[in-house]
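Please work through the following exercises with the sequence and the 3D view side by side. Each task is followed by a solution that proceeds step by step.

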Amino acid sequence: MMLPALVIFDMAGTTLEDRGQVPSAFAATLAANNIAITADEITRIRGASKRQAIRNLVPASSDGLADRIYAQFRENLSAAYSNGGARAVPGADQVIHDLKKKGVKIAITTGFDRDIATLLLSRIGWTRQTIDVVVCGDDVANGRPAPDMILMAMKITGVDDAALVANVGDTVLD
């Protein structure tokens, strides 16, 4: 069996433990702004760009409200991870280490923006020696389920053949 040249992992829930911080921050922030969302609706947008998900939920006529809500979400999520800690999913460190040892490039893709992704990766101690590239939802025109993040990771790592790429995630959008 041939190894992939690039393995792309999702972040929250796949390589980073998600003990409910993301859905809780999302629901609490929206509720504080009088926007009701069900658990099923949150499940459907898991893996998507959080900024775009909020934009989709806020009425278009609400000038600047989506950006303000997104800023609040980022603060709430950062506080949740700061207070509760961020941890790698058990075994994720070893899998990544074993793949890198075999010459496989490693990418992380996430619906988080760069600041949150950087905060979380630094909290679990993953550096450029651990991960070759991080692609965030805000880095591309189209978030999941579009292939834009995968294609960007391929471009940055120099992997041209999609048949040599494995994408690993925990949501339908992944």
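## Exercise 1: A loop residue and its backbone

Asn34 is located in the loop between α1 and α2 (39–45). Since the model is a predicted one, the exercises concern computed geometry throughout.

**Task.** Determine whether Asn34 is buried or exposed, and describe its phi angle.

**Solution.** Step one is the accessibility: Asn34 has a relative accessibility of 74%, and because exposed means over 50%, Asn34 counts as exposed. Step two is the backbone: phi of Asn34 is near 60°, which is a positive value in a residue other than glycine.

## Exercise 2: The order of the sheet

**Task.** Establish the strand order of the open sheet, and state which strands lie at its edges.

**Solution.** Begin with the pairings of β1.

- β1 and β2 run parallel and are joined by five bridges, and within β2 the bridge partner of Phe9 is Ile108.
- β1 also pairs with β4 in the parallel sense, over four bridges, and Ile8 has Asn167 of β4 as its bridge partner.
- Strand β2 (residues 105–110) is in turn joined to β3 by four bridges, again with the strands running parallel, and Ala107 has Val133 of β3 as its bridge partner.

Putting these together, the open sheet of four strands has the order β3-β2-β1-β4, with parallel pairing. The edge strands are β3 (133–136) and β4 (165–168), each of which pairs on one side only. On average, neighbouring strands of this sheet are turned by 20° against each other, direction ignored.

## Exercise 3: The surroundings of β1

**Task.** Explain why β1 can be called largely enclosed, and sort its residues by the way they point.

**Solution.** First count the buried residues: five of the five residues of β1 are buried, so the strand is largely enclosed by the rest of the structure. Next consider direction, for which the general expectation is that side chains in a regular strand alternate between the two faces of the sheet. In β1, Leu6, Ile8 and Asp10 point one way, whereas Val7 and Phe9 point the other way, and all are buried. Finally, turn to the helices that pack on the sheet. Helix α5 (residues 92–101) lies across β1 (6–10) and β2, running at about 165° to β1, while helix α6 (residues 114–124) lies across β2 and β3 and runs at about 140° to β3.

## Exercise 4: Two threonines

**Task.** Compare the settings of Thr14 and Thr29, giving for each the element or loop, the accessibility and the contacts.

**Solution.** Thr14 lies in the loop between β1 and α1, and because its relative accessibility is 15%, Thr14 counts as buried. The side chain of Thr14 makes a polar contact with the side chain of Asp10, at 3.1 Å. Leaving aside residues up to four places away in sequence, Thr14 touches Phe9, Val89, Val168, Gly169, Asp170 and Asp174.

Thr29, by contrast in location, lies in helix α1, and with a relative accessibility of 2% Thr29 counts as buried. With the same exclusion of residues up to four places away in sequence, Thr29 touches Ile69, Gln72, Phe73 and Asn76.

## Exercise 5: Aromatic rings

**Task.** State how many aromatic pairs there are, and characterise the pair formed by Phe26 and Phe73.

**Solution.** The count comes to two aromatic pairs. Phe26 and Phe73 form one that is edge-to-face, with 5.5 Å from centre to centre and 80° between the planes. This pair links distant parts of the chain, since Phe26 is in helix α1 (residues 21–32) and Phe73 is in helix α4 (residues 65–84), 47 residues apart. Both Phe26 and Phe73 are buried, and together with Tyr70 they form one aromatic cluster. A ring can also face a charged group: Lys50 lies over the face of Phe112, at 5.3 Å from the ring centre.

## Exercise 6: Two prolines

**Task.** Describe the settings of Pro90 and Pro145, including the peptide bond that leads into Pro145.

**Solution.** Pro90 is found in the loop between α4 and α5, where Pro90 is exposed, with a relative accessible area of 68%. The C-alpha atoms of Pro90 and Val134 are separated by 20 Å, the two residues being 44 residues apart along the chain. Pro145 lies in the loop between β3 and α7 (148–157), and the peptide bond from Arg144 to Pro145 is cis, with omega near 10°.

Key. Residues are numbered from 1 along each chain as its sequence is written. This is a predicted model: local features need pLDDT of at least 70, side-chain atom pairs count only at pLDDT 80 or more; totals for chains, interfaces and linings use all residues. Side-chain values use heavy atoms; hydrogens and water are left out. Two strands pair if DSSP finds at least two bridges between them. Axes are lines fitted to C-alpha atoms, for helices over the stretch in contact, and angles run from 0 to 180 degrees between N-to-C directions. Contact means heavy atoms within 4.5 Å. Rings of Phe, Tyr and Trp (its six-membered ring) pair if their centres lie within 6.5 Å; planes under 30 degrees apart count as stacked, over 60 as edge-to-face and the rest as tilted. Buried means under 20% relative accessible area, exposed over 50%, partly exposed in between (1.4 Å probe, protein chains only). A charge sits over a ring if NZ of Lys or CZ of Arg is within 6 Å of the ring centre and within 35 degrees of the ring normal. A polar contact is a pair of N or O atoms within 3.5 Å; within protein, one must be able to donate a hydrogen and the other to accept it, and residues adjacent in sequence count only if both atoms are side-chain atoms.
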